[in-house]
Amino acid sequence: MYQIVRRQAFSETTFLWEVLAPDVARSAEPGHFVMLRLHEGSERIPLTVADYDRERGTVTLVVQALGKSTLEMRDHYKEGDSFADFVGPLGLPQHVAKVGHVVLVGGGLGIAPVFPQLRAFKEAGNRTTGIIGFRNKDLVFWEDTFGRYCDELIVCTDDGSHGRPGFVTAALQDVLERDKPDLVVAIGPLPMMNACVETTRPFGVKTMVSLNAIMVDGTGMCGSCRVTVDKEIKFACVDGPDFDGHLVDFKELMLRQKRFKVEEAKANTDYAHVCKVEKVLFEQGKHNYKKYKDLAPKATPMPERDAVERSRNFKEVNLGYSLADALAEAERCIQCSTATCVQGCPVSIDIPRFIRQMLVRDMDGALATINESNLFPSVCGRVCPQESQCEAQCIVGRKLESVAIGRLERFVGDNARHPKVEPIRFEHTLGKVAIVGSGPSGLAVAADLTRYGVDVTVYEALHVVGGVLQYGIPPFRLPRDIISREVEHLQQMGVKFEVNKVIGKTFTVQQLMAGMGFDAVFVGAGAGAPAFLGIPGEFAGQVYSANEFLTRVNLMGGDKFPYIDTPVTLGKSVVVIGAGNTAMDCLRVAKRLGTPTVRCVYRRSEAEAPARLEELRHAKEEGIEFFFLHGPVEILTDAEGGVRGMRVQKMVLGEPDEKGRRQPIPQDEFLELECDTVIYALGTKANPIVTKSTPGLELNKWGYIVADAATQATSVPGVFAGGDIVTGGATVILAMGAGRRAARAIGAYLASGKTHWPVTQADADAFVPPVPLSGAALQTAVLPPPGLAETLLRAKGDLAHDEEADHDYFHDAATQVQWRCGGCGKVSEGFAYPYGMCPYCGGKLEVLGDRRAELARAVDVVRKAFEIELGGQAFYRRAALESTDPELKTLFGNFAAMEQEHMETLSRRYHVDVPVPGADFKIERAALYAGIENHPEDPANLFRIAIAFEERAVTFFAGEGTQFPEGSVERGLYNELAAEEREHVALLTTEYRRWQAGKVGIL
């Protein structure tokens, strides 16, 4: 890196850098140039040396901000900053000798590179005349500096605002006529140098010009800087940059200089856009900075391999966004003030912030933001069901297609520069923890605990690290090098891995904690025991569980048999039972192994299929046949006991049951499907090896470990558990969310000296990680409780053995619903989560149908709500106008937007139009309503009025609701509105406290 030790601005566009580069300064001569590159991804640009100081080891450059790179130099690099590359000195120095009278002409930026030549010719004993030209007086620089080395100095300005009016060529003509020089040196824009050459040609005076043309490497390798001199091809970077101007083909050179004009214009436009976004989002802190009409309605498509080609190999199907794709998709994020997408992320990634950093091209910053919550973006960006989590809660998705958050996360994980990973050192070790299983939950625990200063050892039963990521997900969805890279990062951080160690057999949990000195144990052993239907014929030789089939291929190389020892035999036809993501993996792997006919049998409709829509689409494109609404009743075998087919029964869907699911009803219609192999993909059951060997460990009736939802603490002191061994078969990111919560609770447990059990959520929230001696401390933000999807999975364990146990807590991905909390009355909406607990108060949720405020009383309730919301909005707008504090102006503007968003939500929910707001609102009136004296000179008083104003609304709605009967639309609406206003009170109170403390608010 090279440091800018001095920066000086001459005008709005022209500035000077003095760069610390001793090696370059030691060798620099008049006429030399350097190649400069700002950072990774920047272009290499040639800049002529304007001066050098061998003693200080500095090189001086004068730059004019014209293109993207020079604009970036002007706007984003200050004195003391450093940049990536500084190569030189390059080119041949000017031949300086005592020749008599030398005229040196500099035009605009060319004044800087002509200066060292002026000084050298003067010090060589020549008589010197300097001619320097500018467009106007405001752009003049170095006049005095030039004057010290000139016997005569002529300053020209195009508009006549300083010195001699007109171009430098007119002044040169005068000098040629009255005092013919022996040599002319002209440096500046190509048209100016060409004009000088043509001016001196009739006088026969040798004229040297400097041609720093378009270059890439600056060392003669690329040939980009070629120029025709005396009908021969020369390269400016090695043969120049100074040439006899009378021999240069300027016409050809100027044509070549235009070849990137269109691209440069695009780059400048892009840079201007980035600067505007940076100002709006970072400097002004605005949210909701775009309107829906300005957004592309659909997400940027994911590039994919051709279906026929990909079905024959295990190469990754989704190719990932290009930079242009990623930036186009990032532009669809409106940076909303209420980032509901974060609530949908089980590990609470700050999604708006990482996308905001993408918008200003800070990919490394985006990665750092993601890594605060998740060290595995390349994994999660590929395999997480974002469409039912963060993307389901995307505000844009209410009117358009949601922002493709998962694809952007993958892009950042794949393309940002991962920082060098080193072991994190602490003054004291917080404790020693063993982790059972190296799947997603175990890796997440290991990552966070290591950053808390805990000595971590992960025990894995298999011979490779990664758990289900390795054996359960095919490489065409998750390449193995991605897993290896993430695991290697953990090893570099200090995590130790022990493979081929089966906890419950090799060691027990008690042995880990007693004889082996571990202070705590986290069990993330997964739910690997397969589930079967119990139908006739399923014990035939060619009936696989999904786990066996995928492990044979993904982990043991069965696709390469007989060149690798593990066999897998499929025959000519395969049937897979189930329609979750695991089933899709089995179907698509079977196709890639060369099986001509691959079929899926599922007893519900396609709309109920728990697999991701993308996985279903990919399977269809690759030639998989689907038999929806068919249930297997028998596997048919031949005389030798081999599989010859499957008998399936047609189904229809009945009415929804008490849990909202339509149960399949068998019909008196059967079908026989010929097949050689059957694969069961019906979810998994709890693996009993760890649980049976751990006395006192409480299990539920299905064999899963009972663990606290907020801390993952179990019934055994010091033992925590999370992931599929607690929830049953779920997703990678839900397991990682449990792992992060467990790590926080384990940290609190160790920090307290293991004094009490169980650890509570309050303990975990209060935990402050130790500050490391090296490396950054892990973010200490309070982790949220489990999301609705995970809460549901805990609550419905009776479905764990059912064929949809893969991900059946999701409805059709096109469905969005509303649900109300029976405790606080809060109404939320988003992707269909039909069961679970309220994320705000823990109350029971009920799904709401379409609610039209058709009754006169209900319409009146909504209108009263609008009146209060309009009053609040008018107050906030007036407060924004009258406040003298710039931060409060922005903040109250955001509050006004919050009220507008709430009214739009009410309008959408109840199909009632938002009334037109009144023209005026007085702060004094609001203060009167709130019962607070108005003091305009006190900015804090605005907050107090606003809070009291919202509290008044809570009192009104809560009181009015009691006059209506339980279960009525009106009472439900008033309860909902009271809950919303309570949330506003809490939000305003938080903003007020942060404002008092001088901290940035969450809005």
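Two strands are taken to pair if DSSP finds at least two bridges between them. In this predicted model, strand β3 (residues 33–37) meets that criterion with β8, to which four bridges join it. The two strands run antiparallel, and F33 stands opposite L90 in β8. Both belong to an open sheet of three strands, ordered β4-β3-β8, in which the pairing is antiparallel. The edges of the sheet are formed by β4 (45–48) and β8 (85–90), each of which pairs on one side only. From one strand to the next, the twist averages 25°.

Across the protein, the secondary structure amounts to 33 helices and 35 strands. Of the 1003 residues in the protein, 55% are buried. Among contacts with a separation of 6 or more, 69% involve residues 24 or more positions apart. The area exposed by the protein is about 42,200 Å², and carbon and sulfur atoms supply 52% of this area.

A parallel pairing is found between strand β25 (residues 597–602) and strand β26 (residues 625–628), over four bridges. Within this pair, R599 has E625 of β26 as its bridge partner. Together with helix α23 (residues 613–621), strands β25 and β26 make a β-α-β unit, and this unit is right-handed. In general, the strands of a sheet pair through backbone hydrogen bonds, in either the parallel or the antiparallel sense.

Helix α14 (residues 363–371) is mostly covered, with seven of its nine residues buried. The buried residues of α14 are M363, G365, A366, L367, T369, I370 and N371. Several other helices contribute to their cover. Included in this cover are α11 (323–330) and α13 (351–359), together with α15 (377–383), α16 (405–415) and α17 (440–451).

Charged side chains were examined next. Side chains of opposite charge can pair when their charged atoms come close. A search of the whole structure finds 46 salt bridges. One of them links the side chains of D75 and R74, with an N to O distance of 2.7 Å. D75 is partly exposed because its relative accessible area is 30%, a value between the limits of 20% and 50%. R74, at 24% relative accessibility, is also counted as partly exposed.

A second salt bridge joins the side chains of K293 and D294, at 3.4 Å from N to O. Here K293 has a relative accessible area of 68% and is therefore exposed, since exposed residues are those over 50%. D294, with a relative accessible area of 48%, is partly exposed.

The side chains of D350 and R353 also meet in a salt bridge, with 3.0 Å between N and O. D350 counts as partly exposed at 28% relative accessibility, and R353 is partly exposed with a relative accessible area of 24%. Elsewhere, salt bridges that share partners join a set of residues into one network. The acidic residues of this network are E304, D585, E615, E621 and E622, and its arginines are R310, R477, R588, R592 and R617.

Conventions: Residues are numbered from 1 along each chain as its sequence is written. This is a predicted model: local features need pLDDT of at least 70, side-chain atom pairs count only at pLDDT 80 or more; totals for chains, interfaces and linings use all residues. Side-chain values use heavy atoms; hydrogens and water are left out. A crossover is right-handed if, with the strands pointing away from the viewer, the path from the first strand over the helix to the second runs clockwise. Buried means under 20% relative accessible area, exposed over 50%, partly exposed in between (1.4 Å probe, protein chains only). Contact means heavy atoms within 4.5 Å. A salt bridge is a side-chain nitrogen of Lys or Arg within 4 Å of a carboxyl oxygen of Asp or Glu. Accessible areas come from the Shrake-Rupley method with a 1.4 Å probe; for residues, only the protein chains shown count as cover. Axes are lines fitted to C-alpha atoms, for helices over the stretch in contact, and angles run from 0 to 180 degrees between N-to-C directions.
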